[in-house]
Amino acid sequence: MTTYWAENGLLPTGIASSVRLEIEGGRFAAVTPEQPQGDAQRLPGVVVPGLANCHSHAFHRALRGRTHHGGGTFWTWREGMYSVAAQLDPDSYLALARATYAEMALAGVTSVGEFHYVHHQPDGTPYDDPNAMGEALRQAAREAGVRLTLLDTCYLAGGLGAGDHDPLSSRQLRFGDGDADVWASRVSALTADASTVIGAAIHSVRAVPRDQIPTVVEAARGRPLHVHLSEQPAENDACLVTYGRTPTALLGAAGALGPMTTAVHATHLTGDDVAMLGRTGTTACFCPTTERDLADGIGPARRLADAGAPLSLGSDQHAVIDLFEEARALEMHERLVTRQRGRFTPNELLRAATGHGSIGWADTGVIEVGARADLVAIRLDSVRTAGSAADQVLLSATAADVDTVIRDGEVVVEGGQHRLGDVGRLLTDAIDPLWRNA
């Protein structure tokens, strides 16, 4: 039994003071407010549940600060993405992902949903182990101290043009498996473990033809299924031309929507799309720092939540790894669109930032007896948080204010330091060679 004492804790009932937390077997055995510290280990500031980064492309971390030539366009970003992807092998992917996940842990993330599509060698030939790249991600997460949901992604087409799908380009060959049956066969060899959930993803309606989608849905049955949805208007336009319906309607007709499904971005939706996502209980994962970095737009977060679609958050391309900023942007972007404050309560923002259930970890994301013992202690005495009310810390804190991170009762970050040591050096050592060889 390990016992902690928190000055303040965000519990399901709200903010509480002097909270005693007893952990046994990686789970909360007791959560008791208004208790003296005694001999318990002190956690400073305010303690919140572990955060969930529900949409990650780990290799995109190498693009930070590299895609703004001439002001930056989607195409300069895409060229950089392909250049980095072409350099990766299982060893370099392990190094990059381990450093990226360690950066997430420093920011309070205890579970990550990895939307994984860099599967094969650059010419499309499978490695001796066809899941070598996925296994590198599993090892990276384990060493960085975060849980992994490996959302192995079906990626079959190079795009959706005027009425038909394009073949994969030479730079996309390593993403594809030929068809959904071959993809499903490869994924069936992946097995879950104590810190890994095996999920699935449809890259998008651009990259997976309509007749292939049901195969992915069937292979993913009972597991998390994620899909990029309506990130840009061009996707909607192409889908309407080709299929006569929106991407949301196409996925709905194919049986791809429901409580186990997460629609990532969900930016450019019709009223019917919003209603369908809400009616089916499909989660909408917003990635505000990416959506603004790529100039994609602001999605209808409040309308989706009101329609019944749960919300989660992700850092996607990792222009920023800071779930506090993602949560804050959910509210601030709504303020810009509506010119109204208070579109989401702090509790709603916390719920979005702790959406572990959408990536298959339903027994965490809350500080209560029986739940996985994930804790994030946020300082209330930094230059950013000094003077903040404990129950409003999500609206003032940044990742730099995280002091301690505990996952399944195990200390991963203490005093703002990751157990792996200098994460900045790990990132530099992993990223610099990718650009020297690009």
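In this predicted model, I298, L336 and V337 come together at the surface to make a nonpolar patch of about 290 Å². One of the three, V337, sits in helix 11, which covers residues 323–338. V337 counts as exposed because its relative accessibility is 51%, and the cut-off for that label is over 50%.

The UniProt record is a handy guide to the rest of the chain. An unreviewed entry there lists residues 46–412 under "domain: Amidohydrolase-related". Within residues 46–412, helix accounts for 34% of the chain and strand for 18%. The C-alpha atoms at the two ends of this stretch are 17 Å apart.

Next comes the sheet. Eight strands build an open sheet with mixed pairing, and their order is 3-2-1-4-15-16-17-18. Strand 3 (27–32) and strand 18 (417–418) are the edge strands, each with a pairing partner on one side only. Strand 1 (residues 2–11) and strand 4 (residues 41–48) run parallel and are joined by five bridges. Across this pairing, G9 faces V47 of strand 4. As a rule of thumb, side chains in a regular strand alternate between the two faces of the sheet.

Further along the order, strand 16 and strand 17 run antiparallel, with three bridges joining them. V405 has V413 in strand 17 as its bridge partner. The hairpin made by strand 16 and strand 17 has two residues between the strands, and D408 takes a positive phi near 55° there. Strand 17 then pairs with strand 18, again in the antiparallel sense, over two bridges. Here E414 stands opposite Q417 of strand 18. This hairpin of strand 17 and strand 18 also has two residues between the strands, with G415 taking a positive phi near 60°.

Now for the aromatic rings. Five aromatic pairs turn up in the structure. F59 and Y93 form an edge-to-face pair, with 6.5 Å from centre to centre and 75° between the planes. Their positions in the chain are distant: F59 is in the loop between strand 5 (51–56) and helix 1 (74–87), while Y93 is in helix 2 (residues 90–106), 34 residues apart. Both F59 and Y93 are buried. Another pair brings Y155 and F175 together, with ring centres 5.1 Å apart; the planes are at 55°, so this pair counts as tilted. Y155 comes from the loop between strand 7 (147–154) and strand 8 (159–160), and F175 from the loop between strand 9 (165–166) and helix 4 (180–187), 20 residues apart. Y155 counts as buried because its relative accessibility is 7%, and F175 is buried too, with a relative accessible area of 0%. Ring pairs link F59, Y93, Y117, Y155 and F175 into a cluster.

Charged side chains pair up as well, and the count of salt bridges comes to 29. One of these joins E103 to R61, with 2.8 Å from N to O. E103 belongs to helix 2 and R61 to the loop between strand 5 and helix 1, so this salt bridge ties together parts that are 42 residues apart in sequence. Both E103 and R61 are buried.

A more local case is found in helix 3. R138 and E135 form a salt bridge there, and their closest N and O atoms are 2.9 Å apart. Because R138 and E135 are three residues apart in helix 3 (residues 132–144), about one helical turn separates them. The two partners differ in exposure: R138 counts as buried at 9% relative accessibility, whereas E135 is partly exposed at 28%.

The last salt bridge described here leads back to the hairpin of strand 16 and strand 17. The side chains of R147 and D408 meet at 2.8 Å, N to O. R147 is in strand 7 and D408 is in the loop between strand 16 (402–407) and strand 17 (410–414), so to speak distant parts of the chain, 261 residues apart. R147 counts as buried because its relative accessibility is 0%. Through shared partners, salt bridges join R27, R147, D363, R372, D374, R407, D408, E410 and R419 into one network.

Definitions and conventions:
Residues numbered from 1 in each chain as written. Predicted model: local features only at pLDDT ≥ 70, side-chain atom pairs only at ≥ 80, totals over all residues. Heavy atoms only, no water. Pairing = 2+ DSSP bridges. Helix = DSSP H or I, 4+ residues; strand = E, 2+ residues; numbered from the N terminus. Patch = residues over 30% accessible without salt bridge, like charges linked within 9 Å, V, L, I, M, F, W, Y side chains within 5 Å. Areas by Shrake-Rupley, 256 points an atom, 1.4 Å probe, with all protein chains shown as cover. Salt bridge = Lys/Arg side-chain N within 4 Å of Asp/Glu carboxyl O. Buried < 20%, exposed > 50% of the residue type's maximum accessible area, 1.4 Å probe, protein only. UniProt positions renumbered as here; feature names shortened; annotations may be inferred. Phe/Tyr/Trp six-rings, centres within 6.5 Å; stacked < 30°, edge-to-face > 60°.
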